Amino acid sequence: NNNNNNNNNNSNSGSGTAANAAMTTTTITTNGSSITTINNNNSNKNDSIPNGSLPSASDDNDYEVVPNSEFSVSRTAMRNNQSHYYINQRNVTAKEVGDVLREKGIDLDNNRFLILQGEVEAISMMKPKGDDKNDMGMLEYLEDIIGTDKYIPLIDENTKKLEELSDEYKGQLQRLNLTQTHHRELHAKAEQALMYLSQQAELARIKALSRLSEATCLADEIEVNRARQNDLRSRLAVHKDTLSKQEDGLKDSQTQVAAAAAA
């Protein structure tokens with residue numbers, strides 16, 4: 001906070017890793033108007049102060065410096081509300097400063113590096129989760145800090161797809177259950193039909209065997225009757241022959257009788 005006492009036009013700079021820059025960038029970006037405000041507030045005390053400069057330096061040395069990663073960022077605020085930004089004491093634009101810090105992995109979009117004292121009570125009073133997407137709860141606040149809120153649209157999209165697939169699954173499952181019920185009913189009827197056909201086939205087989213047995217018996221009777229017929233024919237032929245001989249003898253007797261009567 002004593003940076004407003006700098007009375008030179010050159011900006012002071014500090015160096016460190018991206019982690020060190022992350023600690024001080026909040027002051028450069030979040031408190032963007034604080035330097036001008038301090039300069040104006042101190043104008044009554046010392047009108048000779050033309051500007052104030054804030055370097056990206058930190059008193060915390062408890063970190064390991066990555067080789068060839070050191071850089072410095074500073075900002076000088078003028079009394080006329082103009083600001084000059086410097087990277088390694090080179091005059092650049094605010095956009096270039098933001099691009100460099102983002103390349104170093106410093107999240108400037110969520111702007112949550114520093115929790116001001118007035119925000120602590122508000123944070124402690126937050127509800128666990130917001131009632132809707134426009135309501136900020138502790139969950140939404142932490143997601144905003146961490147940066148996972150960018151996954152919310154994808155989560156919502158996948159949740160919607162999951163609901164659609166769940167509905168489709170329930171519909172398919174219901175159809176499957178109906179099909180299985182219908183299949184069980186048809187299976188029972190099919191078993192009855194197969195049993196009936198099996199009984200009919202057995203009945204037809206028994207009838208066929210019965211008729212075959214009857215045919216065999218009739219064939220045997222026919223053979224017996226044929227034998228009897230042949231025997232009767234033979235006996236009839238014998239009787240006819242005997243009768244013929246008797247007729248011939250009778251004729252001879254009649255002839256002799258007639259001859260004797262004529263004599």
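Helices, the elements named with α here, are DSSP runs of H or I with at least four residues, numbered from the N terminus. On that basis the chain of this predicted model holds six helices and four strands, and two of those helices, α5 and α6 (152–262), each supply at least two residues of the lining of the largest pocket. Along the sequence the elements follow the pattern α-α-β-β-β-β-α-α-α-α, and buried residues make up 20% of the 263 residues in the chain.

**The largest pocket**

- The volume of the largest pocket comes to about 210 Å³, and its lining is made by Lys129, Gly130, Asp131, Asp132, Lys133, Leu139, Glu140, Glu143, Ile152 and Asp156.
- Helix α5 provides the largest share of this lining, namely three residues, while α6 is also a contributor, with at least two residues.
- Two of the lining residues recur under the topics below: Glu140 lines the pocket and is also buried in α5, whereas Asp131 lines the pocket and also takes part in a salt bridge with lysine 127.

**Helix α5 and its surroundings**

- Within α5, which spans residues 138–146, the residues Glu140, Tyr141 and Asp144 are buried; they cover an arc of only 100 degrees around the axis, so they sit on the same side of α5.
- Isoleucine 146 also belongs to α5, but this residue is exposed, because its relative accessible area is 62% and the cut-off for the exposed class is over 50%.
- Together with Leu142 and Ile145, Ile146 makes a nonpolar surface patch of about 260 Å².
- Just after α5, the backbone at glycine 147 takes a positive phi of about 100 degrees.

**Salt bridges**

- Side chains of opposite charge can pair when their charged atoms come close. With a limit of 4 Å between a side-chain nitrogen of Lys or Arg and a carboxyl oxygen of Asp or Glu, the count of salt bridges comes to seven.
- Glutamate 202 and arginine 205 form one of these salt bridges, with an N to O distance of 2.6 Å; the two residues are three residues apart in helix α6, and so are separated by about one helical turn.
- Both members of that pair fall in the partly exposed class, since glutamate 202 has a relative accessibility of 35% and arginine 205 has a relative accessible area of 44%.
- Lysine 245 and aspartate 241 form another salt bridge, in which the closest N and O atoms are 3.7 Å apart; these residues both lie in helix α6, four residues apart, which is about one turn of the helix.
- In this second pair, lysine 245 counts as exposed because its relative accessibility is 56%, whereas aspartate 241 is partly exposed, with a relative accessible area of 42%.
- Elsewhere, salt bridges that share partners join Lys127, Asp131 and Asp135 into one network.
- Within this network, the closest N and O atoms of lysine 127 and aspartate 131 are 3.1 Å apart; lysine 127 counts as partly exposed at 33% relative accessibility, while aspartate 131 is exposed, its relative accessible area being 62%.

How values were computed:
Residues numbered from 1 in each chain as written. Predicted model: local features only at pLDDT ≥ 70, side-chain atom pairs only at ≥ 80, totals over all residues. Heavy atoms only, no water. Patch = residues over 30% accessible without salt bridge, like charges linked within 9 Å, V, L, I, M, F, W, Y side chains within 5 Å. Areas by Shrake-Rupley, 256 points an atom, 1.4 Å probe, with all protein chains shown as cover. Buried < 20%, exposed > 50% of the residue type's maximum accessible area, 1.4 Å probe, protein only. Arc of directions from axis to C-beta. 1 Å grid on protein atoms, 1.4 Å probe; cavity = no way out; pocket = protein on both sides within 12 Å on 5 of 7 lines; lining within 4 Å. Points joined across faces, edges and corners; volume = space filled by probe spheres on them.
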